[in-house]
Amino acid sequence: MSKLDDIVSLCKRRGFIFPGSDIYGGMAGTWDFGPLGVQLKNNLVNTWWNYWVDKRDDMFGIDAAIIMNPITWEVSGHTATFADPLIECNDCHSRFRADKLVDGYSESITTEEFKAINPKCPNCGKTNWGTIRKFNMMFQTHVGAVTPEDENGSETDKELARRSIAYLRPETAQGIFTNYKNVVDTIYPSMPFGLCQFGKSFRNEISPRDYILRDRECSQFEIEYFVKPDTWEENFESIRTEYLEFLQKYLGLSKAKIHELEVPEEDRAFYSKRTIDIMYEYPNGEEELMGIAYRTDYDLGNVAKASGKNMEYRDKNTGETFVPHVIEPSMGLERAILDILSEAYTEDEINGEKRVLLKLPEGLAPYKFCVSPLLKNKPELVEKAKFVYNKLKEKYTFVTWDDSGNIGKRYRKQDEIGTPKCVVIDFDTLEDDTVTVRDRDTAEQVRVKIEEL
Ligand code: GAP
C-alpha cells in the first residue's frame with residue numbers, strides 16, 4: 001500500500017472522510033466529512049479566518065450566495081473560456097481530459113500535440129482518438145418553476161427554460177467582485193484592503209482524481225486584495241510571503257515540501273497577468289495547493305462595463321480616483337486538508353511496537369485532550385475522571401472521553417486521530433489530585449496537578 005492509500009484508509013476507518021453517497025455506490029468527485037473530518041475542517045476554516053481576517057485591520061469577510069445572476073459568468077469570462085480539453089476515444093467512447101493523458105502538457109494542448117504522442121486509451125487500450133473539444137466546467141441548473149420538458153416544449157417554454165438557466169459558482173471570487181462596491185460604499189476601507197471569503201465551488205471536472213485533490217464539489221479560501229495599480233508588485237510580494245508563513249506556521253507544512261512555480265503566460269488563467277502556483281509534495285507527487293494571481297482590473301473593469309456602475313475608488317487623503325487592481329490568493333480546502341494529513345501522517349515504533357500517528361498542529365487537531373479513567377469498572381476513578389473531563393471541556397471545548405479497551409489501545413486510537421494529549425485518572429489521582437498526561441508525539445508521560453491542566 002502507498003502512503004496515500006494508508007491515509008485514505010485511516011480517514012475512512014477513523015471517521016474523517018468518506019466517499020460521497022457511499023451507500024449508493026458513490027458519486028464521483030464528491031466527498032463527505034465525518035465527525036472528525038468536519039472538526040478538522042472547522043478548525044482549518046477558523047485558523048484561516050483568524051489569521052487573514054480577525055487579526056488584520058485591512059481585511060474584511062463576506063459570504064455571498066452560491067447561485068448568482070448568470071450575467072456574472074458572462075462578464076467574468078467563465079461562460080466563454082472556463083473549459084478543459086476533452087478528448088473521446090472513438091472505439092469505446094470513454095472521455096478524458098486530454099492534458100492528463102500525456103506528460104508535460106497543460107490545458108492548452110492541441111489535437112496535433114496530443115496525436116503526436118498518441119497515448120493508449122486508459123479504458124480499452126486503443127489509440128483511435130477524436131479531436132480535442134473545449135468542455136465548459138460550470139454546472140448548469142434552472143432557477144424557478146421550469147421543468148426539463150420545457151426545454152423541448154413550445155417556443156415560449158423553450159424561451160422560459162433558456163432564461164431560467166443559472167450556474168453553481170465555479171469560484172467564490174465573483175461574489176467578492178460583485179460586492180466590492182457595496183463594501184466600499186458602506187464601510188469605506190482604506191487602500192489597500194482585502195475581501196475574504198470561504199465557501200463551496202462547483203466544477204464539472206472531466207476526470208475527478210487523486211482522492212480529494214480534484215473534486216466536482218470543493219471549497220475555496222479566496223481573498224481579493226484591492227491595491228493601487230502601481231503598487232501591485234509590492235503587494236503581490238507581501239501576500240506571497242505572508243501566505244508561505246501561514247502554510248508553515250499554522251498548517252504545519254514543511255518548507256522543503258513547498259515549491260513555487262512561476263506560471264508561464266500560455267498556462268495562466270485568462271484573467272491573470274502573473275500567477276505563482278504554490279505546489280506541495282503529496283505522497284503521490286507534486287501538485288498545486290493554491291495559486292496567487294495578479295488579476296489586474298480585469299474583473300472590476302468588466303463589472304463596471306456590464307453594470308454601468310462606477311468601480312472607481314477615491315483615496316480619502318489625496319482625492320485621487322482609480323479602479324483598483326487585484327491580487328488574489330486562492331486555496332482549496334480539500335487540498336489543504338490532504339497536505340495537512342500527508343504532513344502529519346507518521347509511522348514509528350514505541351517499545352518495539354509499530355504505531356501510526358497524526359502529528360497534527362494543536363490548533364487543527366479534532367480533539368485537544370482525551371480523558372480516561374485507568375479502569376472503567378472502578379466507580380471512584382470514573383467519577384473523578386468525569387470531573388476532570390467536564391473541567392477541561394469547559395475550558396478547551398474539544399475534549400473527548402474514552403474508556404474502551406485497555407489504556408494502550410486508547411493511546412493508539414488517540415494517536416491515530418491526532419489528539420495531542422491523553423489525560424489518565426488513576427488511584428494516585430484520588431490521593432494527590434495529580435493525573436498522568438501523555439504526549440502524542442513523544443509518548444512521554446508526566447504527572448500534573450489537575451488545576452494546572
Ligand atoms: N478564483 C481563482 C480560482 O478559482 P483556480 O486555480 O481555478 O483559481 C484555486 O482554483 C484553487 O482552488 C486551486 O489552487 C485548488 O486549491 C482549488 N481547486 C480548484 N479546482 C479544484 C477542484 N476541482 N477540486 C479541489 N480543489 C480545487
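In this predicted model, strand E9 (residues 193-202) runs antiparallel to E10, and the two are joined over ten bridges. One spot to look at along this pairing is Gly194, which sits opposite Tyr225 of E10. Both strands belong to an open sheet of seven strands, with mixed pairing and the order E3-E9-E10-E16-E13-E12-E11. The edges go to strand E3 (59-61) and strand E11 (258-262); each has a single partner strand, so one side of each is left without a neighbour in the sheet. From one strand to the next, the twist averages 25°. As a reminder, strands of a sheet pair through backbone hydrogen bonds, and they do so either parallel or antiparallel.

Further along the sheet order, E13 has E16 on one side and E12 on the other. With strand E12 (residues 274-282), E13 pairs in the antiparallel sense, over nine bridges. A hairpin makes the link from E12 to E13, using two residues to do it, and Tyr282 faces Gly285 of E13 across the pair. The pairing of E13 with E16 is antiparallel too, with six bridges; here Tyr294 is found opposite Ile327 of E16. E13 is also mostly covered, with nine of its twelve residues buried. In a regular strand, side chains alternate between the two faces of the sheet.

That brings us to the ligand. Its surroundings comprise 21 residues, and the closest of these are Glu171, Arg203, Glu222, Glu288 and Leu289. Sorted by class, the shell holds ten charged, seven nonpolar and four polar residues. Several polar contacts can be picked out. The side chain of Gln220 places an N or O atom 3.0 Å from a ligand oxygen, while Glu328 has a polar side-chain atom 3.0 Å from a ligand nitrogen. Leu289 takes part through its backbone instead: an N or O atom there lies 2.7 Å from an oxygen atom of the ligand. Taken alone, the ligand would expose 550 Å², and the protein buries 90% of that area.

Which elements give two or more residues to this shell? They are strand E10 (217-227), strand E13 (285-296) and strand E16 (325-332). E13 supplies the largest share, five residues. The sheet order places E10, E16 and E13 one after another, so to speak, in a row.

Away from the sheet, helix H13 (residues 407-417) is worth a look. Its buried residues are Arg410, Tyr411, Gln414, Asp415, Glu416 and Ile417. An α-helix has 3.6 residues a turn, so residues three or four places apart point the same way. At the start of H13, Asn406 brings a side-chain oxygen to within 3.0 Å of the backbone nitrogen of Gly408. After the helix comes Gly418, with a positive phi near 85°.

As for the chain as a whole, 14 helices and 23 strands are present. The C-alpha trace spans about 80 × 65 × 50 Å along its principal axes, and buried residues account for 49% of the 453 residues.

Conventions: Residues are numbered from 1 along each chain as its sequence is written. This is a predicted model: local features need pLDDT of at least 70, side-chain atom pairs count only at pLDDT 80 or more; totals for chains, interfaces and linings use all residues. Side-chain values use heavy atoms; hydrogens and water are left out. A residue is near a molecule or strand if one of its heavy atoms lies within 4 Å of it. A polar contact is a pair of N or O atoms within 3.5 Å; within protein, one must be able to donate a hydrogen and the other to accept it, and residues adjacent in sequence count only if both atoms are side-chain atoms. Accessible areas come from the Shrake-Rupley method with a 1.4 Å probe; for residues, only the protein chains shown count as cover. Helices (H or I, at least four residues) and strands (E, at least two) are DSSP runs, numbered from the N terminus. Ala, Val, Leu, Ile, Met, Phe, Trp, Tyr, Cys and Pro count as nonpolar, Asp, Glu, Lys and Arg as charged, and the others, Gly among them, as polar. Two strands pair if DSSP finds at least two bridges between them. Axes are lines fitted to C-alpha atoms, for helices over the stretch in contact, and angles run from 0 to 180 degrees between N-to-C directions. Buried means under 20% relative accessible area, exposed over 50%, partly exposed in between (1.4 Å probe, protein chains only).
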